[in-house]
Amino acid sequence: MAILNADLHCHSTVSDGTLEPEALAARAHANGVQLWALTDHDELGGQQRALHAARALGLPYLTGVEISVTFAGLTVHIVGLGIDPDDAQLGDGLARTRSGREQRAREMAEQLAAVGIPGAFEGALKYVGNPELISRTHFARFLVEAGICHDTHDVFRRFLTEGKPGFVAHRWAALGDAVRWIREAGGVAVIAHPARYAHPSPTHEYALFAEFKAHGGQAVEVVSGSHSAAEALRYADLALEFGLAASRGSDFHSPDESHTDLGALPLLEGRLTPVWELLADRIIH
Ligand code: AMP
Ligand code: MN
Ligand code: MN
Ligand code: MN
């Protein structure tokens, strides 16, 4: 099972991706993915579509979500795999997590207007597929289209991140709540792309892993579209140190923006326990 080409992290138009769930399923299948999960931000609205499209293609599927969490002052993402998409507690928790996004977006637009970029709220909205899920990615697309930035990388270097115009601090779900919603919905919680977080100290990262584990978290993304080979090695070591299973996901958002395509990732190392071994009974064929 360890050698599966699994891709357990990507986004559709239901959050901040540019492809519909059906198009993602087709792309994953065409790219040779053997086990797939759609993990939209704070939203389960694409799960039925993804599941049906995958089943029609004969592509084994795990339900998924990526929950925005605030941990000790830092935004961290927790992926949930194998969750029941109809679970009421998870659904309510995600609805609350989404609820501040519109007000946040209006404040982001005000900041951009103050540095001479008017109309960003309306501009971002043109890219939004789900009105409850306006995200920084949609603002990034607007800034590129308006000719203000070359690409999304340029956007996040100059705007929308801490200390830059268009950044609005936001309080997301608590780590313990997100892990509990996932577990009680029958799923496995996974720390997403751990190399992406700007931990203020090594102790802060250690605390994230320790508290995640104490709350019942069971896995970490070791192989990710946003990890270098050295980072994959480092998080393979940490997975073993903390007794966590390992996940693998491209975090694919768009053919035009994402540098890692669905399924185009190094395989998990044989010394790791693949997260799908914990989820054998949750795989939908
Ligand atoms: P939000 O949930 O509104 O804070 O938006 C977060 C999303 O913005 C992430 O899921 C990525 O899709 C995108 N994003 C954040 N930081 C970066 C970055 N440095 N480069 C590219 N995309 C980013
Ligand atoms: Mn995203
Ligand atoms: Mn993420
Ligand atoms: Mn993601």
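Which residues coordinate the manganese ion (ligand 2)? In this predicted model, the manganese ion (ligand 2) is bound by D16 through OD and by H41 and H253 through NE2, at 2.1 to 2.2 Å, and along the chain these donors follow the spacing D-x24-H-x211-H. H41 lies in the loop between β2 (35-36) and α2 (47-57), whereas H253 lies in the segment after β8, so the pair ties together parts that are 212 residues apart in sequence. H41 is buried, with a relative accessible area of 8%, and H253 is likewise buried, at 13%. The manganese ion (ligand 3) is separated from the manganese ion (ligand 2) by 5.6 Å.

The manganese ion (ligand 4), which lies 4.6 Å from the manganese ion (ligand 2), has as its protein donors H9 (NE2), H11 (NE2), E66 (OE) and D251 (OD), at 2.1 to 2.2 Å, with the spacing H-x1-H-x54-E-x184-D along the chain. Because H9 lies in the loop between β1 (6-7) and α1 (21-30) and D251 in the segment after β8 (245-249), this pair ties together parts that are 242 residues apart in sequence. Both H9 and D251 are buried.

E66, one of the donors of the manganese ion (ligand 4), is placed in strand β3 (residues 64-71). E66 is buried yet forms no salt bridge, the nearest side chain of opposite charge being that of R196, 6.4 Å away. The E66 side chain does, however, make a polar contact of 2.9 Å with the side chain of H77. When neighbours within four places in sequence are left aside, the residues in contact with E66 include H9, H11 and D251, as well as H41.

Definitions and conventions. Residues numbered from 1 in each chain as written. Chains lettered and ligands numbered in written order. Predicted model: local features only at pLDDT ≥ 70, side-chain atom pairs only at ≥ 80, totals over all residues. Heavy atoms only, no water. Donors = N, O, S within 2.8 Å, 3.2 Å for Na, K, Ca; no water. Helix = DSSP H or I, 4+ residues; strand = E, 2+ residues; numbered from the N terminus. Buried < 20%, exposed > 50% of the residue type's maximum accessible area, 1.4 Å probe, protein only. Lys, Arg positive; Asp, Glu negative; His and termini not counted. Salt bridge = Lys/Arg side-chain N within 4 Å of Asp/Glu carboxyl O. Polar contact = N/O pair within 3.5 Å; in protein donor to acceptor, adjacent residues only side chain to side chain. Contact = heavy atoms within 4.5 Å.
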